[in-house]
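Below are some notes on the model you sent round, set out as numbered points. Please read them with the coordinates open.

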Amino acid sequence: MTLGSTHDRSQTGIQVNDWEQKIETTHNRFLGQNYFQLLAIKPEATKRAVFKAAQTLNSEFHPSTIPSNLPKSLENKLSDIQNWIALAVDTLLNDTKREGY
């Protein structure tokens, strides 16, 4: 990794220890939640609200904002978080899937 890309990732102002706590807390919070809870929206939320909530979470946990030197266990938890967000969006933006959900 180049020095420039390391610097770019650190511009968020959050240290690795802070990221560790944030990822752990979010991962634990997401466990056992349904997609509405995960996105912090009501079951009657519009597609636009679903998209906006997901967009907020995705930007918060986007790889470009995360330090590159996270422990492997946190990388796995971060991947879980990103996958759960994607599954929630896929399900809640699809009328057929959402109705079955």
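**Notes on the predicted model**

1. Thr91 counts as buried, because its relative accessibility is 11% and the cut-off for burial is under 20%. The residue belongs to helix α5, and, once neighbours within four places in sequence are set aside, its contacts are with Tyr35, Lys97, Arg98 and Tyr101. Please bear in mind throughout that this is a predicted model.

2. Two of the residues that Thr91 contacts, Tyr35 and Tyr101, also form an aromatic pair with ring centres 4.7 Å apart. Their planes lie at 10 degrees, so the pair is stacked, given that planes under 30 degrees apart count as such. This pair links distant parts of the chain, since Tyr35 sits in helix α3 (residues 35-39) and Tyr101 in the segment after α6 (95-100), with their positions 66 residues apart.

3. How many aromatic pairs does a search of the whole structure find? The search returns four. Around the stacked pair described above, Tyr35, Phe36 and Tyr101 make up one aromatic cluster.

4. Are the two tyrosines of the stacked pair buried or exposed? Tyr35 counts as buried, with a relative accessibility of 17%, whereas Tyr101 has a relative accessible area of 43% and is therefore partly exposed.

5. Turning to helix packing, the axes of helix α2 (residues 16-30) and helix α5 (residues 72-92) come within 9 Å and cross at roughly 45 degrees. That angle makes α2 oblique to α5, and the crossing of these helices is left-handed. On the α2 side the contact is made by Glu20, Ile23, Glu24, Thr26, His27 and Phe30, while α5 contributes Leu74, Lys77, Leu78, Asp80, Ile81, Trp84 and Ile85.

6. A charge placed over a ring also deserves a look: Lys22 lies over the face of Phe61, at 5.3 Å from the ring centre.

7. As for the overall fold, the protein has six helices and zero strands, and the pattern read along the sequence is α-α-α-α-α-α. Of its 101 residues, 30% count as buried. Among contacts in the protein with a separation of 6 or more, 71% come from residues 24 or more positions apart, and the stacked pair of Tyr35 and Tyr101, 66 residues apart, is one link between distant parts of the chain.

Notes
Residues are numbered from 1 along each chain as its sequence is written. This is a predicted model: local features need pLDDT of at least 70, side-chain atom pairs count only at pLDDT 80 or more; totals for chains, interfaces and linings use all residues. Side-chain values use heavy atoms; hydrogens and water are left out. Rings of Phe, Tyr and Trp (its six-membered ring) pair if their centres lie within 6.5 Å; planes under 30 degrees apart count as stacked, over 60 as edge-to-face and the rest as tilted. Helices (H or I, at least four residues) and strands (E, at least two) are DSSP runs, numbered from the N terminus. Buried means under 20% relative accessible area, exposed over 50%, partly exposed in between (1.4 Å probe, protein chains only). A charge sits over a ring if NZ of Lys or CZ of Arg is within 6 Å of the ring centre and within 35 degrees of the ring normal. Axes are lines fitted to C-alpha atoms, for helices over the stretch in contact, and angles run from 0 to 180 degrees between N-to-C directions. Angles under 35 degrees count as roughly parallel, over 145 as roughly antiparallel, 65 to 115 as roughly perpendicular and the rest as oblique. A crossing is left-handed if the near helix is turned anticlockwise from the far one by less than a right angle, and right-handed if clockwise. Contact means heavy atoms within 4.5 Å.
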